[in-house]
Amino acid sequence: MSDPRPSAAGAAPSASVDRYAAALDRAHAIALDYLASLPTRPVSRRLDPPAMTARLDAPLPETGCAPEDAIAEWFRRAEPGIVASPGPRFFGFVNGGVTPAALAGDWLAAAIDQNAFSWLNSPAAVSTEDVVLRWLKELFGLPAEWAGALTSGATMANLVGLAAARQWAAERLGFDAARDGLAGQPPIPVISTTEIHASARKALATLGLGRARVITLPAPAGGAEPLALAEELARHEGPAIVIANAAEVNSGAFDPIAAIADLCATHPAGAWLHVDAAFGLFAAASPRLRGLLSGIERADSVAADGHKWLNVPYDSGFAFVRDAAALRAAFTVDAAYLAPDSDAPWDPFTHLPEMSRRFRALAAWCALRAEGRAGYRAIVERCVDNAAAFAGWVAAEPNLTLVAPAPLNIVCFRLDPEGVVGAERDALNREAVVALQRDGRAFVSGTTWRGGAAIRAAFDNWSTTPDDVAILQDAVRDVTRRLAG
Ligand SMILES: Cc1ncc(COP(=O)(O)O)c(C=O)c1O
């Protein structure tokens with residue numbers, strides 16, 4: 001199709017729907033081919049940065065092209081560098097896939113391009129976000145009256161929860177943290193365990209609470225030990241912030257949230273309990289697994305991800321906060337041109353760092369509407385069953401060791417042939433991760449567990465079947481045989 005675009009500085013190009021149609025048709029065709037290839041395409045080709053850059057790097061084009069040609073050109077150039085992470089054989093990190101309803105919702109969100117910062121700017125977007133937050137609270141058994149916000153992920157959700165915590169603690173100490181900052185004020189202790197996720201540290205760094213100032217108690221069995229926490233809390237006269245894990249990213253271990261909530265409730269100056277539940281919160285969708293989160297409804301704030309186990313596209317997370325006043329005080333703004341609609345029940349930009357923002361709620365609304373409570377229970381239980389099957393296989397396989405119990409959806413293991421120890425075993429495991437990623441049948445990622453290199457497989461994709469788990473096992477067995485004899 002010829003490009004009807006006028007030359008530079010000419011009249012505005014036509015916004016005729018035909019121009020959109022041609023571009024969207026091309027994107028649709030490419031997307032369907034890609035989605036159809038997911039069950040069989042190599043998950044990863046591990047394209048090295050120079051090779052990838054060479055495919056895309058070019059000077060800014062002087063002249064334009066038809067929109068459909070732009071999208072086709074990008075796909076042609078970038079395709080070898082696309083990792084099939086929404087597919088059923090991607091077990092790296094904790095990624096999750098995309099349900100059909102979520103994908104359709106996300107596409108529509110881009111097409112209608114709502115700015116979801118305020119009720120006035122988009123009643124539809126803010127009202128949808130309100131409903132999605134309520135549905136999520138129902139799915140997870142969290143109190144309906146808690147405030148919340150949809151964020152870009154769990155890192156931002158941790159930041160939102162911890163910003164409210166900082167505001168609350170500062171108020172108890174007699175100052176307004178958001179307004180006046182922390183300089184010259186009494187310190188606010190933050191207590192967690194050695195298993196605290198890097199994103200919570202990042203949030204603490206951003207909030208001026210200090211990435212390295214967090215007091216990390218040992219968690220030799222994976223979860224926090226209440227006695228150690230009680231002793232630590234007793235050392236602090238003022239208000240404290242406690243960060244609990246549900247669940248830990250390498251092992252899926254849960255802190256005992258009910259016991260921690262008891263300790264926070266009895267700390268004389270008060271203790272705010274923030275739970276990083278990026279993926280573990282989904283255990284609440286299953287009656288079978290809910291006990292792992294016992295007491296979470298007594299937390300003060302909870303952070304979780306949408307792009308992991310909710311299986312909505314990147315980027316998506318959510319934060320829930322009991323004390324709406326602390327949350328709003330943390331993110332309040334003073335800008336006359338943004339004056340809220342006096343009838344609006346709330347505006348998202350008063351609940352999180354962003355102002356203008358994407359209409360994330362639509363993908364989540366469509367996903368929750370299409371799956372319902374039963375659908376999410378089934379997704380979670382299927383993933384946990386797949387993880388248990390894989391963990392059982394690892395435990396029985398020669399030359400492999402399960403390095404931690406797998407209570408949820410993460411299986412942490414290592415190649416552990418007899419007589420191979422220390423640095424040699426670490427090197428072997430790092431080599432195995434690269435070999436598996438290059439192999440392309442199934443993607444796993446590497447980590448360090450209790451000082452030794454290990455391998456993680458995370459199960460949180462709605463479309464993974466036992467056949468995919470069998471392919472993962474074949475790949476791990478082949479690489480183990482090749483590298484460990
Ligand atoms: C426990 C935990 N918290 C926080 C995060 C950060 O989430 P995101 O990358 O979505 O910001 C992750 C990511 O894996 C996680 O596992």
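Helix H10, formed by residues 257-266, lies across strands E4 and E5 in this predicted model. The helix runs at about 160 degrees to E5. The two strands beneath this description are themselves partners: E4 (residues 240-245) and E5 (residues 271-276) run parallel and are joined by six bridges. One pair of residues helps to locate this ladder by eye, for Ala 244 stands opposite Val 275 in E5. A second helix, H9 (residues 226-234), lies across E4 and E5 as well, and also across strand E2 (190-193) and E3. With respect to E3, helix H9 runs at about 150 degrees.

These strands belong to an open sheet of seven, which can be followed in the order E1-E7-E6-E5-E4-E2-E3. The pairing in this sheet is mixed. At its edges are strand E1 (147-151) and strand E3 (215-217), each of which pairs on one side only. From one strand to the next, the twist averages 20 degrees. As a general point, the strands of a sheet pair through backbone hydrogen bonds, in either a parallel or an antiparallel manner.

A further open sheet contains four strands in the order E8-E9-E11-E10, and here the pairing is antiparallel. Strand E8 (400-402) and strand E10 (445-449) are the edge strands, each pairing on one side only. Neighbouring strands in this sheet are turned against each other by 40 degrees on average, direction ignored. Strand E10 is joined by five bridges to strand E11 (residues 452-458), and the two run antiparallel. Within this pair, Trp 449 stands opposite Gly 452 in E11. Two helices accompany the four-stranded sheet. Helix H12 (residues 361-396) lies across E8, strand E9 (410-415) and E11, at about 20 degrees to E9. Helix H13 (residues 422-439) lies across E9, E10 and E11, and its direction makes an angle of about 30 degrees with E11.

Stepping back to the whole protein chain, the model holds 14 helices and eleven strands. Two domains are assigned, with domain 1 covering 20-87 and domain 2 covering 103-368. Their C-alpha centres lie 35 Å apart. Along its principal axes, the C-alpha trace of the chain spans about 75 × 70 × 45 Å. The radius of gyration is 24 Å, which agrees with the value near 23 Å for a compact globule, because that is the figure to be expected with 485 residues.

The model also includes a ligand, and 13 residues surround it. The closest are Gly 153, Ala 154, Thr 155, Ser 199 and Ala 278. Sorted by class, the shell around the ligand is made up of six nonpolar, five polar and two charged residues.

A few details of the backbone deserve a look of their own. Most peptide bonds are trans, and most residues other than glycine have a negative phi. The peptide bond from Ala 246 to Ala 247 is cis, with omega near 15 degrees. Ala 247 is found in the loop between E4 and H10, which leads back to the strand and helix described at the start. Another cis peptide bond runs from Tyr 314 to Asp 315, with omega near -5 degrees. Asp 315 lies in the loop that connects strand E6 (301-305) and strand E7 (317-321). Finally, Asp 113 has a positive phi of about 45 degrees although this residue is not a glycine. Asp 113 is placed in the loop between helix H4 (100-112) and helix H5 (123-140).

Terms used: Residues numbered from 1 in each chain as written. Predicted model: local features only at pLDDT ≥ 70, side-chain atom pairs only at ≥ 80, totals over all residues. Near = placed C-beta within 6 Å. Nonpolar A, V, L, I, M, F, W, Y, C, P; charged D, E, K, R; others polar. Domains from an automatic or database assignment. Pairing = 2+ DSSP bridges. Axes fitted to C-alpha atoms, helices over the stretch in contact; angles between N-to-C directions. Contact = placed C-beta atoms within 7 Å. Rg over C-alpha atoms; globule rule 2.2 N^0.38 Å.
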